[in-house]
Structure formats: structure tokens, C-alpha cells
Amino acid sequence: MAESGQTNVLILILATAVTAGTPILYAALGELLAERSGIINLGVEGMMLTGAVCGFMAALAFQNPWAGVVAAMLAGGLVSAIHAFLTVTLRADQVVSGLALTIFGTGLSGFLGKNYVGTPLPAPFSAKPLAGLGDIPVFGPIFFQHDPLVYITYLLVPAMWVFFYKTRPGLHLRAIGENPWAADSLGVPVFLSRYLYVIAGGMLAGLGGAYLSLAYAPSWLENMTAGRGWIAVALVIFAIWNPVRAMVGAYIFGGIDALGFRFQVLGVMVPPFFLKMLPYIFTVLVLIVVIGRNRTARAGSPGALGMAFDREER
Amino acid sequence: MKGMRGFVRLEKRGGVSGTSVLPVTILSVLLSLAFGGIFLQLTGHDALEIYGLMFSGAFGSAYGISETLVKAIPLMLAGLGISLAFRMKLWNIGAEGQLYIGAFAASWVPLTFPDLPAYEMIPAMILLGMAAGGLWALLPAIPRAYLGVNEIISTLMLNYVAILWVDYLVFGPWKDPKGFNFPLSAPFSEAARLGTVGNTRVHTGIFFALIVAVIIYIIINRTKWGFEIRVIGESEPAARYAGMDIRRNILLVMLVSGAICGLAGMTEVSGITGRLQPNLSPGYGYTAIIVAWLSKLNPFAILLVSVLFGGLQVGGYLVQTSGVPASVATMLQGAILFFVLGGDILTRYRIRPGRGEVA
């Protein structure tokens, strides 16, 4: 019996790893889109927070979590458009503009959410085990007994992979990130595409934030993302700009996150502060190992990442 | 060819005209305040009243000005620390954590040796606070220098670790047994406190900031090391070609940058709180990034801009009484940085309406 009890704890941890990884996954997929087009957006944390608060407010107003999803994506897209305008049209420094977006989003979300702190969400997303798949032993409870937003990622990740590597627009996207001048000379609309992908990335980051406030911990708390936006940025590097690797990575990070919660269950006596440090320390270590061990991490980055596109010079 | 080419056309100016930088910055700040005003108005507040309240609260009385300076001191120090790294295009986003670690190490002195006289206590606190902040910044600098690991993410991640470390101490081993279970360390002895100016909370940390500003100005403009920092910041390949040791400079600059941010933590615990406690900083390390950027990394401008942002912080606290969340200050900070970034374009390019087709 003791053994099956431990198996259950392990399954519980892995299942939590999936839900804890999902907000990071959405945000990382969004950042992946933007970076593939050549634009670094360090505003992920701010976009997630904006999405989290707007999603929460809309879900509360309409008594429907899907309304929250729509609002979060619109909000995330809207604030990311600022970054797109500054970096694509005005060719401002991408790092500083992203930092500004994070600071702006943190303030904006705190401002909008002030009166919602501590308000419970009556209709959050809840787990809906998938018929059939949910009953598979071990795999069922780990992957198929979650809320709909988790299932959407199961479709989104392969779809994105196919888009990147098997479609013409995907090829154009990679070309823009690799060499916008060449792409431009072939008639690919560089400016328009960069706008599009930065905004799409913002929408996904907003959705990732809303996952926290609508499903993971249905409530609004100031700074509730707690650095997940930054972890998502790191995850993109870890994933070598590949959506499938991003998914694996997100679950590893989710697992570290979940471990913090579950260590007590396992009877490990560690001060909670140290457990909370784990995801951050792990992020730094992963970056060091990934970049240190294989230089492909750098080779895999879009060639023109962080570079403004200017048709008159290069 | 089809597709959008951008709404406007940017033509590069011959050079950045020095005289246009200041007016453009001021214009950018005014525009962001206008934007914030519209936002406040749309969310059902009286923008003029709120701005009035913020301004008079921060600068309208002797008390307001003194509190503004209190908030400006950590911004000055952290901003100066950050500026040194930014000068070399090293994105030290870890000032917040370096401040906390500096505060932790500085606190260790009076908590362990409460009976030291002030002339030993204060220098020891300064030394330890700076050393700890510097070493904390060195942690992400080493993988950056040797492996090229992006320092933005690693410096930022370490902020969370540093804050949790201080939380652990004040909730755990360093909690004052006589503190009614509040998460505070024991109060420091009088010898560990920085002197204050008159009856205000403005402490002598402000002089540290002035001294550091002068030192940084001299380093950057008058020393060979400063020259190297500037060259590497301008163009790493050029610096390498000239035989400069980039690796050593990364380590050194981050060490010094972190040490100055650590000093900001030391002055907070020694000058303001008189003990180690959680929530030492309302995000000084992040605001300082904006301060440094807005000041174009000029150390004396950083001192001035810090006072403005200190005022914004104080104003933000004050308007809470009229139902406006204090986060309005953070939001305005972000907006200011946006507009300044956009405004920079005006100093570098001439904007022509029309599409950016090649002529």
C-alpha cells in the first residue's frame, strides 16, 4: 500500500507540473513567435499581469471564464502593440522597451485590479477529464484530467510546429527573424509581419497570465505571476526556439514549481522560502548548462534577433 | 512590392544634436503625464486634482520634500550602479536583489556585534554591504563573461532569490525574539544608524550618493578604465580589436555596479528602518533602471532625476487616500520610459510623413 501511495503522490506532482507549466508554456509560445520574427519582447511579465487582471475582471463581469480568455488576449495584444510600435516602427531599443512594458504592465494591472484583490471567482475553469483518455492509468491523471486551457496547448504546440516548419507563412516568419533584408528583397512584408507576431505573442502572454487568474489560482493578486514571464523568456532559449521543446521545458519548470508545493506532502522539512527559490535558481542553472554545453543554443537563435529593420541600411 | 512599410519615414540625422536632448526628454515626460491623465480621467478620477495632490504632496512642503529625498537616496545609488553596467551595454536588471543582499550583509554587523562603536560599525556595514552586493552581481557576471549567458534573465531571477533570502531570515533565524512575532530583526544599536539631517528622515546616505556620482563621473570620463567601458559599450568588436580584455571588464563592471546597489541596501537599513525587514524596497531597483535611462547615464542627471522619481513615489502613496491605487506611480514610470524611448527617435532621426520607401 505504501508503494501505491507514493505512486499516487508522484502522479499528483506530475499532474501539477502540467498545470503549473501551462501559464509558462503559453507565455513562452508567445515569446517564441515574437522572437522568431526577430523582436525580443522582455515585457512578458507585464503582458501576463495585464492579461491576468483583465481576464479576471471580464470573467467576473460576464460570469464566464471564456469571456476572461477573450479579454486577456485582447489586453495582452493591446499592450504588446506598444512594444511593436516602438521597436518596429520607431526602431527603439528592444531591451529597454520590453523592460518599460513590464514596468507599465505591473503598474497598470495593480491599478486596474486594486478593488479585486481577495474577490473570489465564482465561475473559474475547472478540471474536465477527457472521456476515454482520462481513464488511461498514469497518463490519464497526469495529462487528461485538467481544464480546457491545458488541452488547447496540446493542439497549439503541434500546430505551431507545423506552422513553423511545414508552411509558407512559417517559412517567411523564420526568414524575417533570420535575415529581414533578404526576406524583404523577396517581397515578404517585414514590418507588417513583425507587428503581427509581436501582437500575437502578446495575446498568448495575456492568455498565460489569465490561466493563473482563471484556472491555476482563480483570484487576482498583485504581481501574481511572480517572475513566470521571465522564466518564459528563459524557456525560449532553453527550447532553442522550438515549440515542442518549449512544451517539455514548461513542464520541467512546472514540476519544479509543483515540487515546492508538494515537498511538504512528501514529508521533506525545508523552509518554504527555499522551496520558493527553486524555480528561479533552476532557471539560471538551466541557462548556464544549456548555453554552456551546446553552443547550438546560440546557433539556434534567429540571426537578426534584437535587430531593428531599416530598409536603407544594414 | 506590397505590404505596409511603416506609417512614417525616418531619416537619420547627421549626428545627435546635444541641445535637442533635454527639450525632447521634457516633452516626452509631459506627454506621458498627459497620457496618464487621460487614463485617470477614463477610469473615473479627476486627473488634475490627482496630479495636484501628487505634486504638492511631494514638493509642496518641507516635509514632502524631505520624504521625496528619502525615496530618492536609494534611487540615486541604485541608478548610479546600474548606469555603470548600462554604459557597457551590460543589462544589470538585478539592482533590486543586490540592494536586498547589501541590506542583509550590512545588517549582519550590528546584529552580530551590537557593541561596536559607530566609527567601526558604519564602515564595516558599508564594506560588507558593498562586498555582498558586488558578489551577488558577480554570480550572473561569471556565466555572462565565460559562456555568454544572457545577464538580463539571470540578474532578474536572482532578485527573487535575494528577496526570499531576506524573508527567510526575518521570518526565521533573525526574527527578533522580543518582536511580538513580527517578521523583523532586532533593532540595530544607535551606533549602526546613519545620522539624519535636522528633524527629517533624510539621512547621510545622500552624501554617499553624491560621492559615488563624482567617482563614477571621474571613472567614466577621466580614466583609462572608463574609456574601455565606453568603447566596449559602443562596439565590442572594436574593443576586442584594440586588445581590450572584455571578460575582465564584464566581471569588474558588474562587481562595482552591484557593490553600489548593495550600498543602497546598506543605507536603507542603516538610515531608514534600523533593522532588517521584508519589503525593504518598493521596487527601487526597477525604478532605478528608468532613472538611469532617462538620465542618459549621466551621473549628475541621475541625482536630479532620482529626486523627481522619489517625488513620484511619495505622490503615489499620497493619492491612495483619495482612492487612487499607488500603482499609478509604477504605471506612470513605465509610460515615461515608453515616451522617452519614442522621443529618442526625434533626436536621432528626422520624421517625414509618408511611407518608408527607398528613394
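This passage describes the interface, the nonpolar cores, the salt bridges and several individual residues of a predicted two-chain model.

The interface between the chains comes first. In the model, 57 residues of chain B are in contact with 55 residues of chain A. The size of an interface is often given as the accessible area lost when the parts come together. Here chain B and chain A bury about 5000 Å² between them. Carbon and sulfur atoms account for 80% of that area. Three residues stand out on the chain B side: Ile153(B), Met157(B) and Phe338(B). Together they supply 14% of the area that chain B buries against chain A, more than any other three residues.

Polar links across this interface were also counted. The rule finds zero salt bridges between chain B and chain A. Two residue pairs are in polar contact, both at pLDDT 80 or more. Several elements of chain B each supply at least two residues of the side that touches chain A. They are strand E1 (8–12), helix H1 (18–42), helix H5 (118–147), H6, helix H11 (284–294) and helix H13 (327–348). H13(B) gives the most, with 13 residues. By class, this side of chain B has 38 nonpolar, 13 polar and six charged residues.

The nonpolar interior was examined next. The largest nonpolar core has 202 residues. Leu276(B) and Phe309(B) have the most contacts inside this core. Helix H6 of chain B, residues 151–171, gives the most to the core, with 13 residues. Apart from this core lies another, of 13 residues. Among its members are Ala34(A), Ala84(A), Phe191(A) and Phe309(A). In the largest core, the surroundings of Phe309(B) can be listed in full, leaving out residues up to four places away in sequence. Phe309(B) touches Leu75(B), Thr287(B), Ile290(B), Val291(B), Leu294(B), Gln333(B) and Ile336(B).

Salt bridges were then searched for in the whole structure. Six are found over all chains. One joins Asp257(A) to Arg228(A), with the closest N and O atoms 3.2 Å apart. This pair links distant parts of the chain, 29 residues apart. Asp257(A) lies in helix H11 (residues 243–262) of chain A, and Arg228(A) in helix H10 (residues 228–238) of chain A. Both Asp257(A) and Arg228(A) are buried.

Two salt bridges in chain B lie within single helices. Lys224(B) and Glu228(B) meet at 3.3 Å, N to O. They are separated by about one helical turn because they are four residues apart in helix H8 (residues 224–234) of chain B. Lys224(B) counts as exposed, at 63% relative accessibility. Glu228(B) is buried, with a relative accessible area of 9%. The side chains of Glu236(B) and Arg240(B) meet in a salt bridge at 2.6 Å, N to O. Glu236(B) and Arg240(B) are four residues apart in helix H9 (residues 236–241) of chain B, so about one helical turn separates them. Glu236(B) is partly exposed, with a relative accessible area of 31%. Arg240(B) is exposed, with a relative accessible area of 51%.

Three further residues were examined one by one. Their contacts are given without residues up to four places away in sequence.

Phe104(A) lies in helix H4 (residues 94–113) of chain A. Its relative accessible area is 5%, so Phe104(A) is buried. Within chain A, Phe104(A) touches Val79(A) and Ile82(A). From chain B, Phe104(A) touches Phe35(B), Met331(B), Gly334(B), Ala335(B) and Phe338(B). Phe104(A) and Gly46(A) are 58 residues apart in sequence but 6.7 Å apart in space, C-alpha to C-alpha.

His45(B) sits in the loop between H1 and helix H2 (47–59) of chain B. His45(B) counts as buried because its relative accessibility is 19%, and the cut-off for buried is under 20%. His45(B) is in contact with Phe111(A) of the other chain. In chain B, His45(B) contacts Leu40(B), Ile50(B), Gly323(B) and Val324(B).

Gln98(B) is placed in helix H4 (residues 95–112) of chain B. At 1% relative accessibility, Gln98(B) counts as buried. Gln98(B) touches Asn92(B), Gly133(B), Trp136(B), Ala137(B), Ser257(B), Gly258(B), Cys261(B) and Gly262(B).

Conventions: Residues numbered from 1 in each chain as written. Chains lettered and ligands numbered in written order. Predicted model: local features only at pLDDT ≥ 70, side-chain atom pairs only at ≥ 80, totals over all residues. Heavy atoms only, no water. Core = buried A, V, L, I, M, F, W, Y, C linked by side-chain atoms within 4.5 Å. Buried < 20%, exposed > 50% of the residue type's maximum accessible area, 1.4 Å probe, protein only. Contact = heavy atoms within 4.5 Å. Buried area = accessible area lost by both parts, 1.4 Å probe. Salt bridge = Lys/Arg side-chain N within 4 Å of Asp/Glu carboxyl O. Polar contact = N/O pair within 3.5 Å; in protein donor to acceptor, adjacent residues only side chain to side chain. Nonpolar A, V, L, I, M, F, W, Y, C, P; charged D, E, K, R; others polar.
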